[in-house]
Amino acid sequence: MKEGEGMKWHRTHTKSRVTLVAAVAIAALAVTATAVAGSAASSHKRASNITLNVLADASTPARVKAQDTLTTQFEKAHPGVTIKWQRKSFNDLFATVKLILSGPNSPDIAYLPQGWPMVALVKAGLLVPLDKYEKQYGWDKRFTAGQRREAEASTDGTKFGTGSLYGIPVTTDITGVFYDKKLLASLGQKLPTTFAQFQADLAAAKQKGLTPIQFGNSDGWPLVHFSYVLQPIFVAKNATRNFVYTGGKSPIPTGGMVKMATTLQSWVDDKYFPDDWSSQSSDDAWKKFANGDGLFYFGGSWLSADIKQIAGKNAGFFLLPRVTAGAPVTTTGSGGNPFAISAKSKNPDVAAAFLNYLSSPAAVKLYITAGDIPAPPFTGTPGKGTVTGDIFSSLAQLEKADGMVPWLDWGTTTMFDTLKATLQELAGGKTTPAGDLQAVRNDAKKFQADQGK
Amino acid sequence: VIEGGKLAGSTPAPVARFRRLFARERDVPLPGDRAAVYAYAYVLPGVAIYGLFVLIPIGQTLWISLHNWDGVSHATWAGLDNYREVFSDPVIRSAFEHAFVLVFFFSILSVAFALFITTLLSRSKIRGQAFFRTALFLPLVIATVAVGVIWRWIYAYDGPLNHALRIVGLGDLAHSWLADFTWALPSVGLVGTWVETGLCVVLFAAGVQKIPTSYYDAARVDGAGPLREFFAVTLPGLRNELVVAVSITTIAAFRSFDLVYIATRGGPGYQTTVPALEIYNRAFVYGQVGTASAIAAILAVLMIIVVSAIAWVGGRA
């Protein structure tokens, strides 16, 4: 080696080390900055022209179609108003909604997560209280007290289920069991009336080589919804309600949750799900069910229009039967996710008029025709002999029995992700039913501690 | 450069080495020289931009990490609570453990593969070496999000990997790879290996060309076989490239976010969660910006320590 070469090496070597160390520091901290979400389309507004930007979830084809129709009608009735929808997947929307609402390009109207995640947006001052519009448009008569309570919070964001109205639902969402009529008949069975009968149907279907329950959990949240069908069967409805509305201060009962988790785990062990349930998407799963692969499908009423379109009269819907025959019906459900007005909207009055139209009698009619379930109460049971008709009669039963239970993830801002993870661990045999319960309790404990800060 | 030298001054040896170097070169002004004033004036714009976009944000992150802040409303002082949480929360701890597992796949495994491939490329006389190098480098050019989507398809239950297994009669091994508690993390890691191997090959292939062929001739004259030749000539000759490759791939492993976000979102359970994903979730989804900042700070310190160690070991060897 010539003299000088060594020197040169030392210099470049040391320099590259310095650059590396600097690069590491930048890289680590840049992570926080690079993960910023996309923003809503910016609003261009001329003197007479108003553009309303609406941020919503990707939803189901039937819902999107109905909302597009309502948009066109509204634009026709209000010349100069243009409405632009931006849609994101369920996961992405609720992961980024707070960021988007607090950013410079906030939409005028946003589709919100429910429960304490919504209250967190109120606390941050991102939403307009709707009390004024509630009076103006008579929403207090259009929606039930229960539906309004689901979107109420104190203006300082410390209480949920009381105070000002912050959003209105346009649909009703309940969970339950879809079933294939032909397959159930092929087992020689009628609709089960007790939980034991339901379990017997599952075993019989497995015996016969059918898929007892069609299911896909690639996004993680379907398993949470799955547990929502089971949970009210085992956990007293008022316990769940208190847990949710107090932000987890009122404890969730041990016995019921453990029974729910044990049942879920045993169904996985008995291979009642298709082999690829953990990697299959829920969209693929409900489509397979609608096309005849699967005796049951655990899902929500938001799928009714789409399942009906594929399966026609062969698909039905029922509420999971109680353990004791004749016990009052119950299930997880509520008014759908609320639409709310951003505090940054320049045209809150126009936005309120559009919200009013989204839940107007005309809209209710349109939702029913499409096979969806509108939020405002109405009379009659349309869609007899299909999933829609079954859901309407289930709703009537639930109202009579006061059986609607709120979603457990409303309880804290992090509960949805906690449930996603712990239920996956439960189904994968990585945690016990008691461990699942502990995860829920820890989450609530932490939320309570954070609320105090 | 002198500023930078101080930055790395945790070990005094390189600083002293720097001083000696500069003392020999007359045209480089030392601090205290009049000429130094002008030199600093030239450096100033760069320092200003670096400060504005790097140093100040780092300071802000550290400041936020000492608060409870939901990202929107008023922050309250938290002291070291966020750091305590980072060390006590089992999910965050597992995220850091997963980061080290990814270092094995992104760095150690890719470097090993790349060394093997480089040796093959340099020893063989086949045509179209440029083509092979390009093909191997290609994964690095593809956006990571696209890489994630491609591999999610490959790993799917009905995907090509399981299909291939069934064809050769190993259908029992078919899994939902990315949804399996045992296999999800190694599966994500192997995608990293696939991406980073190309980078290492290109680095090493360039490095090998710098090794004088006379060394190889000498080795052969002395009767060295391919293995001996590799350890006696190729490996020492690639020392600088090795340090760079290990450092870059280790950094990539520690900061990986997009691949995990697309492939698994940290699931199943918390099986593939990594620090960057926890930072994102806590800062933007849960409204725990203080904890997120504390994770970022600890991740940064950890990366500086690990990469400094790599550079130190590489420099001594």
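Visitor: Hi! Which residues have the most contacts inside the largest nonpolar core?

Guide: Those are A:Phe198, A:Phe226, A:Trp267, A:Phe296, A:Ile307 and A:Phe339, in a core of 128 residues. A nonpolar core here is a set of buried Ala, Val, Leu, Ile, Met, Phe, Trp, Tyr and Cys residues joined through side-chain atoms within 4.5 Å. Buried means under 20% relative accessible area, exposed over 50%, and partly exposed in between (1.4 Å probe, protein chains only).

Visitor: Which helix gives the most to this core?

Guide: Helix 10 (residues 221-234) of chain A does, with nine residues. Helices (H or I, at least four residues) and strands (E, at least two) are DSSP runs, numbered from the N terminus. There is also a second, separate core of 47 residues, and B:Leu165, B:Val188, B:Phe254 and B:Ala292 are among them.

Visitor: Before I go on, what are the ground rules?

Guide: This is a predicted model, where local features need pLDDT of at least 70 and side-chain atom pairs count only at pLDDT 80 or more, while totals for chains, interfaces and linings use all residues. Residues are numbered from 1 along each chain as its sequence is written, chains are lettered from A and ligands numbered from 1 in the order in which they are written, and side-chain values use heavy atoms, with hydrogens and water left out.

Visitor: What ipTM and pTM does the predictor give the complex?

Guide: The ipTM is 0.74 and the pTM is 0.81.

Visitor: And what pLDDT does chain B average?

Guide: Chain B averages 86, and 89% of its residues score at least 70; pLDDT is the predictor's confidence in each residue, from 0 to 100. Among the elements of chain B, helix 12 (residues 239-255) has the highest mean pLDDT, 94, and helix 1 (residues 2-7) the lowest, 42. Over residues 1-11 of chain B the pLDDT is below 50, and this stretch has twelve contacts in the model beyond near neighbours in sequence. A contact means heavy atoms within 4.5 Å. Where pLDDT is low, the predicted coordinates should not be read in detail.

Visitor: Fair enough. Back to chain A: how many helices and strands are there?

Guide: Chain A has 19 helices and twelve strands. Of its 453 residues, 58% are buried. Among the contacts in chain A with a separation of 6 or more, 78% join residues 24 or more positions apart.

Visitor: I noticed a lot of rings. How many aromatic pairs does a search of the whole structure find?

Guide: It finds 45 over all chains. Rings of Phe, Tyr and Trp (its six-membered ring) pair if their centres lie within 6.5 Å; planes under 30 degrees apart count as stacked, over 60 as edge-to-face and the rest as tilted. One of the pairs is A:Trp85 with A:Phe354, edge-to-face at 6.3 Å centre to centre with 70° between the planes. A:Trp85 sits in strand 2 (residues 81-88) of chain A and A:Phe354 in helix 15 (residues 348-358) of chain A, 269 residues apart. Both A:Trp85 and A:Phe354 are buried.

Visitor: How about A:Trp267 and A:Phe298, what are the distance and angle there?

Guide: That pair is edge-to-face too, at 5.8 Å centre to centre and 80° between the planes. A:Trp267 lies in helix 12 (residues 254-269) of chain A and A:Phe298 in strand 8 (residues 296-300) of chain A, so the pair ties together parts 31 residues apart in sequence. A:Trp267 is buried at 0% relative accessible area, and A:Phe298 is buried at 5%.

Visitor: New topic: which residues of helix 11 of chain B are buried?

Guide: In helix 11 (residues 226-237) of chain B they are B:Glu229, B:Phe230, B:Val233 and B:Thr234. Seen down the helix axis, they fall within an arc of 125°, so they line one face of helix 11 of chain B; the arc is that of the directions from the helix axis to the C-beta atoms. They pack against helix 5 (90-123), helix 9 (184-210) and helix 10 (213-221) of chain B.

Visitor: And which exposed residues are on the face turned away?

Guide: B:Leu227, B:Arg228, B:Phe231 and B:Ala232.

Visitor: Last one: where is the cis peptide bond?

Guide: The bond from B:Gly267 to B:Pro268 is cis, with omega near -5°. B:Pro268 lies in the loop between helix 13 (258-263) and helix 14 (275-285) of chain B. B:Arg265 is found in the loop between helix 13 and helix 14 of chain B, with a positive phi near 55°.
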